[in-house]
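Welcome to this guided tour! Please open your viewer, get comfortable, and follow along one selection at a time.

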Amino acid sequence: MASENYLKEWAEGFKKRIVSRVLEAGLEFTVENIPGIVREASFAVQSKKHPGDCPCYTSEPCHALVDLNCLLCNCPNYNANTRGANGEIQGSCRVDSSNGRYTEHPNLPAGRVWDCNGCPIFHSSEEVEKYLMEHLEDFKKIADKIKAEK
Ligand code: SF4
């Protein structure tokens with residue numbers, strides 16, 4: 001059955017996967033582990049260790065950043081609930097970043113989707129580290145849920 005919100009489903013799936021990968025590397029979501037978590041979640045490490053996790057790991061990085069980081073691949077500013085004129089999901093940016101844009105494709109439910117490729121916000125290791133300092137609890141909750149499901 002098709003997903004009701006394919007953007008949300010993808011985002012939640014990816015977030016869970018990257019948190020699982022950090023846990024598998026032996027890193028709990030603690031303040032002292034933040035530098036290690038950031039290193040582990042980097043594109044450089046994840047694309048080598050888990051090439052099957054993301055199509056970009058075996059082709060082109062999704063953002064042209066030297067220190068691209070995957071922990072916030074699902075950007076906290078991404079609004080996956082925005083619908084287009086036909087009522088289908090198309091996504092949007094909560095901060096209207098001028099670096100994002102809509103990419104059109106006839107196979108997309110809304111005919112277009114919000115595309116963050118050109119935007120650096122929350123995708124560099126430095127930004128991810130800052131975000132983690134403020135939102136560590138959110139990641140701990142995801143990690144706890146993953147552990148409870150095992
Ligand atoms: S355009 Fe930038 S700030 Fe907006 S959702 Fe995408 S990555 Fe986040």
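## Stop 1: The whole chain

Start with everything selected. A compact globule of 150 residues would have a radius of gyration near 15 Å, and the chain's 16 Å agrees with that. Keep in mind as you look around that this is a predicted model.

Now turn the chain slowly. Along its principal axes, the C-alpha trace spans about 45 × 35 × 30 Å. Buried residues make up 21% of the 150 residues. Of the contacts with a separation of 6 or more, 54% are between residues 24 or more positions apart.

Next, switch to a cartoon view. How many helices and strands are in the chain? You should find 4 helices and 4 strands. Follow them along the sequence and you will read the pattern α-α-α-β-β-β-β-α.

## Stop 2: Two packed helices

Select residues 6-24, which form helix α1, together with residues 125-149, which form helix α4. Two packed helices are described by the angle between their axes and by the distance between those axes. Here the angle is about 80°, and the axes are 10 Å apart. Because of that angle, α1 is roughly perpendicular to α4.

Which residues of α1 and α4 make the contact? Show side chains for K15, K16, V19, S20 and L23 on α1. On α4, pick F139, I142, A143 and I146. Colour the contact by class and you will get 6 nonpolar, 1 polar and 2 charged residues.

## Stop 3: A leucine in a loop

Now select L27, which sits in the loop between α1 and α2 (34-40). Is L27 buried, exposed or partly exposed? It has 18 C-beta neighbours inside 10 Å, so L27 counts as partly exposed; a buried residue would need 20 or more.

Add V22, N33, G36, I37 and E40 to your selection: these are the residues in contact with L27 once its neighbours within four places in sequence are left aside. Try the distance tool on one of these pairs: the C-alpha atoms of L27 and E40 are separated by 8.8 Å, although the two residues are 13 residues apart along the chain.

## Stop 4: Around the ligand

Finish by selecting the ligand and the residues around it. They are C75, N77, Y78, C93, V95, S97, N99, G100, C116, C119, I121 and F122. What classes do you see in this shell? The residues divide into 8 nonpolar and 4 polar, with no charged ones.

Technical notes: Residues are numbered from 1 along each chain as its sequence is written. This is a predicted model: local features need pLDDT of at least 70, side-chain atom pairs count only at pLDDT 80 or more; totals for chains, interfaces and linings use all residues. Axes are lines fitted to C-alpha atoms, for helices over the stretch in contact, and angles run from 0 to 180 degrees between N-to-C directions. Angles under 35 degrees count as roughly parallel, over 145 as roughly antiparallel, 65 to 115 as roughly perpendicular and the rest as oblique. Two residues are in contact if their C-beta atoms, placed from the backbone, lie within 7 Å. Ala, Val, Leu, Ile, Met, Phe, Trp, Tyr, Cys and Pro count as nonpolar, Asp, Glu, Lys and Arg as charged, and the others, Gly among them, as polar. The radius of gyration is taken over C-alpha atoms; the globule rule is 2.2 Å times the number of residues to the power 0.38. A residue is buried if 20 or more other C-beta atoms lie within 10 Å of its own, exposed if 12 or fewer, and partly exposed in between; C-beta atoms are placed from the backbone. A residue is near a molecule or strand if its C-beta atom, placed from the backbone, lies within 6 Å of it.
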